[in-house]
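Here is a report on one protein chain and its ligand. Please look over the sequence and the structure before reading on.

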Amino acid sequence: MTTSTGTETGAESLAGVLLAADEPFAHRACPHLAPPRDPSPVRRVRTPAGDQAWLVTGHAEVRELLRDERIGRSHPDPGNRARYAGNPGYDQVTSDQHQVADALHQGLRDALKPQFAARRMQQMRPGVEAVAAELIDQLVAAGPPADLHADFSAPLVLTAIADVLGAPEAERARCVEVMSRGVAGEVAPLLGYVGELSAAKRANPDDSLISRLCATGAPDEQIGQIAMVLQFAGFGATVKQIDYGLLLLARHEADRELLRREPTRLVWAMEEMLRVAGSLSLPRYARADIEIAGETIRADDLVLLDLTLANLDGRSFDEPSRFDIGRAPNRHLTFGHGVWTCLGAPLARMLLTTAFGAILDRLPGLRPTLDAELATGDGAALSGGLPERIDVSW
Ligand code: HEM
């Protein structure tokens, strides 16, 4: 049995383990996915920051820990905790008090959840379809080649997030522009714009997110932070998923033809695209000793839940390396699980089905150029990064 007090020699280098973890990312747009070489579901690793951590790659174990209240995003002694990457954005903990962290987290969920209710998604769908059609019109008018990322996926997702925030139609372009700058790390324009929007919503309330937050008496600063969370958590992952999903369809021509003939299959195909794409979860810390898979995770230990490798666990998925658009059920963990489940998942799913459906309908021959294929293999998703551009033709 390994414990957090185990010696350095007992711990693998995370970089070594992630060499295996790299494969699904690198092969995301390829016909064959690679499951992890080491099947132990819970193991000690050394992080890129040089600290000790537990890496959890088993599907059942990741699910179990995501439901376990003895694990969270707080740490009693933040200055002395183990770190994943030494990256302040990714490594931050929400508090040194577990109860404060839980209250903040619940507050975020309560504020955002109603915004992504099924009824709202149904109301939003025609608008999103219209934007997708407009973007495709522009692609067709300009002719190939195009940058799928900049000319289709990114504006589609940014426009939808602007809509969730409550940017009026006439200001949509400005909101998209300040969010694009936010994505590039320039947050002041976004915060300034959200301040203006809040003032407007206080004067003329509607049912948008910002208006609802204003009604609760939330200060501008907090509203600005929530807007940034949405842009940060929602934008990159969804754009990446649209890009990679379309590259996958280009690679799997028989599946693409089947989906064109029988579009109702798209819902399941999308879940399989989500499974093979995988995703990131934030570093967490144990709040008590936890026994799992024959190991003892000690209180305050760093715990990394690998959603991507959990999606490739042969104990939970038949032939996990096979890209199977008919896979059902498909209990992938790409949106997390339990109290941590992605709040924007209903919006993401609506955007993905709309984007894939529109491209299959209008540009069925869409395919990446060679350069774009190479760009998907750079493992950038591990750090949450995106390929700079995805050149496509049709
Ligand atoms: C395909 C696209 C997406 C993927 C793969 C994805 C994935 C995830 C995952 C794995 C988490 C949990 C992270 C963790 O607990 O460590 C999460 C949380 C979250 N996501 Fe998403 N997400 C996507 C799209 C979106 C969108 C479109 C939005 C909103 C506009 C959004 C908003 C959020 C928020 C607010 C949280 C925090 C939830 C919490 O802390 O309880 N996501 N997402």
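How many bridges join strand β6 to β9, and do these strands run parallel or antiparallel? Two bridges join β6 (residues 284-286) to β9, and the strands run antiparallel.

## Basis of the model

This is a predicted model: local features need pLDDT of at least 70, side-chain atom pairs count only at pLDDT 80 or more, and totals for chains, interfaces and linings use all residues. Residues are numbered from 1 along each chain as its sequence is written, and side-chain values use heavy atoms, with hydrogens and water left out.

## Strand β9 and its partners

Helices (H or I, at least four residues) and strands (E, at least two) are DSSP runs, numbered from the N terminus. Two strands pair if DSSP finds at least two bridges between them. β9 (302-305) pairs with β3 (residues 52-56) in the parallel sense, over three bridges. Valine 303 of β9 is the bridge partner of tryptophan 54. Arginine 284 also stands opposite valine 303.

In a regular strand, side chains alternate between the two faces of the sheet. Both faces of β9 are covered. Leu302 and Leu304 are buried on one side, Val303 and Leu305 on the other. Buried means under 20% relative accessible area, exposed over 50%, and partly exposed in between (1.4 Å probe, protein chains only).

## The ligand shell

The ligand has 27 residues around it. His105, Arg109, Leu282, Arg284 and Cys342 come nearest. A residue counts as near if one of its heavy atoms lies within 4 Å. By class, the shell has 16 nonpolar, nine polar and two charged residues. Here Ala, Val, Leu, Ile, Met, Phe, Trp, Tyr, Cys and Pro count as nonpolar, Asp, Glu, Lys and Arg as charged, and the others, Gly among them, as polar.

Helices α4 (98-112), α10 (220-251) and α14 (345-362) each supply at least two shell residues. α10 gives the most, with seven.

## Polar contacts and the iron

Three polar contacts (N or O atom pairs within 3.5 Å) can be picked out at ligand oxygen atoms. A polar side-chain atom of histidine 105 lies 2.5 Å from a ligand oxygen. For a polar side-chain atom of arginine 109, the distance to a ligand oxygen is 2.4 Å. Leucine 282 uses a polar backbone atom, 2.7 Å from an oxygen of the ligand.

The ligand's iron atom has Cys342 (SG) as its only protein donor, at 2.3 Å. Donors are N, O and S atoms within 2.8 Å of the metal (3.2 Å for Na, K and Ca); water is not among the atoms, so sites may look incomplete. Cysteine 342 is found in the loop between α13 (307-310) and α14.

## Tyrosine 90 and leucine 282

Tyrosine 90 is found in helix α3 (residues 88-91). Its C-alpha atom is 6.7 Å from that of leucine 282, though the two residues are 192 apart along the chain. Not counting residues up to four places away in sequence, tyrosine 90 touches Arg73, Tyr84, Ser281, Leu282 and Pro283. Contact means heavy atoms within 4.5 Å.

## Unusual backbone geometry

A cis peptide bond joins proline 144 and proline 145, with omega about 0°. Proline 145 is in the loop between α5 (118-142) and β5 (146-147). The bond from alanine 328 to proline 329 is also cis, with omega near 0°. Proline 329 lies in the loop between α13 and α14.

Glutamate 319 lies in the loop between α13 and α14. Its phi is positive, about 40°, although it is not a glycine. Glutamate 319 is exposed, with a relative accessible area of 51%. Aspartate 300 has a positive phi near 80°. Aspartate 300 is partly exposed, at 33% relative accessible area.

Notes
Polar contact = N/O pair within 3.5 Å; in protein donor to acceptor, adjacent residues only side chain to side chain.
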